[in-house]
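Welcome! Please look over the sequence and the 3D structure below, then try each exercise before reading its solution.

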Amino acid sequence: MKDVLDLLQHLSPLTRAASLRALHGAVRNVIKSVLWSTGSSPTVIGALRDEDKRVRVAAIVSLSNVPSGNAEAIRPLLKCLEDPELNVRNPAADVIARSLTRQDLQLKLEIISILRKYSSAAQAVTKGFDVGGKYLSLEVGFTGRKDASAHDICAAAFRVLRGLGIPENILKLGANAIEAAVERHAIGFRYELPPNFMNQHGEHHSKR
């Protein structure tokens, strides 16, 4: 195992990516020394910060093997939603969405906090839902940037939330509505708004 982990420091990105594929079984068994390290040893989660996007993607694919109910192993993927590469952000969003369970409320709230952090960009992305094309969409993103824009990051967050099964009409209402639906889902309901939500927040949402 250590020999394979050491290959995560190999000069060749293709070798680093191949070593991540060889670690899928260890990730599936949530072997902590493979996922995390308190020292300087290489790990799968550490590979999410690799300089080569192919290695970062391989690390995301490896983490897709983490069994449900291990939110702490999935949490590092949230940082990948800010990756400059669309081909990293999207698979990270998809793995997060597939991995979270009804009980993972805190992690879902952390995703919603991204929309609050970039509230103007989040509103712009939801407007793109209506035009249906690829304007600020979950598939395209911007080109020529060294860093992901706020719009890119929000689009990735929305991709997670869509993947969880939250209805688009709730996503369009913004962070407060999404949070209410997520909290309701955590106590056994579908992703839906509480019965009194629009009475309490309707005036605000009618202005959106």
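## Exercise 1: A charge and a ring

Task: Find what the charged end of Arg184 sits over.

Solution: Start at Arg184 and follow the side chain to its charged end, which sits over the ring of Phe189, 3.7 Å from the centre of that ring. Next, look for aromatic pairs: the structure holds zero of them. Please keep in mind throughout that this is a predicted model.

## Exercise 2: The overall plan

Task: Work out how many helices and how many strands the chain has.

Solution: Step one is to count the elements, which gives 14 helices and zero strands. Step two is to read along the sequence, where the pattern is α-α-α-α-α-α-α-α-α-α-α-α-α-α. Step three turns to burial: of the 208 residues in the chain, 47% are buried. Finally, take the contacts between residues at least 6 apart in sequence; 59% of these join residues at least 24 apart.

## Exercise 3: Two helix pairs

Task: Decide whether H2 and H5 are roughly parallel or roughly antiparallel to each other, and then do the same for H9 and H13.

Solution: Packed helices are described by the angle between their axes and the distance between the axes.

- For H2 and H5, the angle is about 0° and the axes are 9 Å apart. Angles under 35 degrees count as roughly parallel, so H2 and H5 are roughly parallel to each other. At this meeting place, Pro13, Leu14, Arg16, Ala17 and Leu20 in H2 meet Arg54, Val55, Ala58, Ala59 and Ser62 in H5.
- For H9 (residues 105-117) and H13 (residues 175-186), the angle is about 175°, with the axes 10 Å apart. Angles over 145 degrees count as roughly antiparallel, and therefore H9 and H13 are roughly antiparallel to each other. The residues that meet here include Leu105, Lys108 and Leu109 in H9, and Ala175, Asn176 and Ile178 in H13.

## Exercise 4: Two serines

Task: Say for Ser19 whether the residue is buried or exposed, then find how Ser41 counts.

Solution: First, locate Ser19 in helix H2 (residues 13-22). Its relative accessibility is 3%. Buried means under 20%, so Ser19 counts as buried. Beyond its neighbours within four places in sequence, Ser19 is in contact with Val4, Leu7 and Leu8.

Now go to Ser41, in the loop between helix H4 (32-35) and helix H5 (53-63). Ser41 counts as partly exposed because its relative accessibility is 49%. Leu8 also helps to place Ser41: the two are 33 residues apart in sequence, with 9.4 Å between their C-alpha atoms.

## Exercise 5: Into the core

Task: Identify which residues touch the most other members of the largest nonpolar core.

Solution: In this core of 64 residues, the answer is Leu77, Leu161 and Ile178. Helix H11 (residues 150-164) gives the most to the core, with nine residues. Now zoom in on Leu77: leaving aside neighbours within four places in sequence, its contacts are Leu48, Ile60, Leu63, Ala92, Val95 and Ile96. As background, nonpolar side chains in soluble globular proteins tend to be buried together.

## Exercise 6: A cysteine in a helix

Task: Find which helix holds Cys154, and whether Cys154 is buried or exposed.

Solution: Cys154 lies in helix H11. At 0% relative accessibility, Cys154 counts as buried. Not counting residues up to four places away in sequence, Cys154 touches Ile114, Leu115, Tyr118, Ala121, Ala122 and Val125. One last step: Glu82 is 72 residues away along the chain, and its C-alpha atom is 8.9 Å from that of Cys154.

Terms used:
Residues numbered from 1 in each chain as written. Predicted model: local features only at pLDDT ≥ 70, side-chain atom pairs only at ≥ 80, totals over all residues. Heavy atoms only, no water. Core = buried A, V, L, I, M, F, W, Y, C linked by side-chain atoms within 4.5 Å. Buried < 20%, exposed > 50% of the residue type's maximum accessible area, 1.4 Å probe, protein only. Helix = DSSP H or I, 4+ residues; strand = E, 2+ residues; numbered from the N terminus. Contact = heavy atoms within 4.5 Å. Phe/Tyr/Trp six-rings, centres within 6.5 Å; stacked < 30°, edge-to-face > 60°. Lys NZ or Arg CZ within 6 Å of the ring centre and 35° of its normal. Axes fitted to C-alpha atoms, helices over the stretch in contact; angles between N-to-C directions. Parallel < 35°, antiparallel > 145°, perpendicular 65-115°, else oblique.
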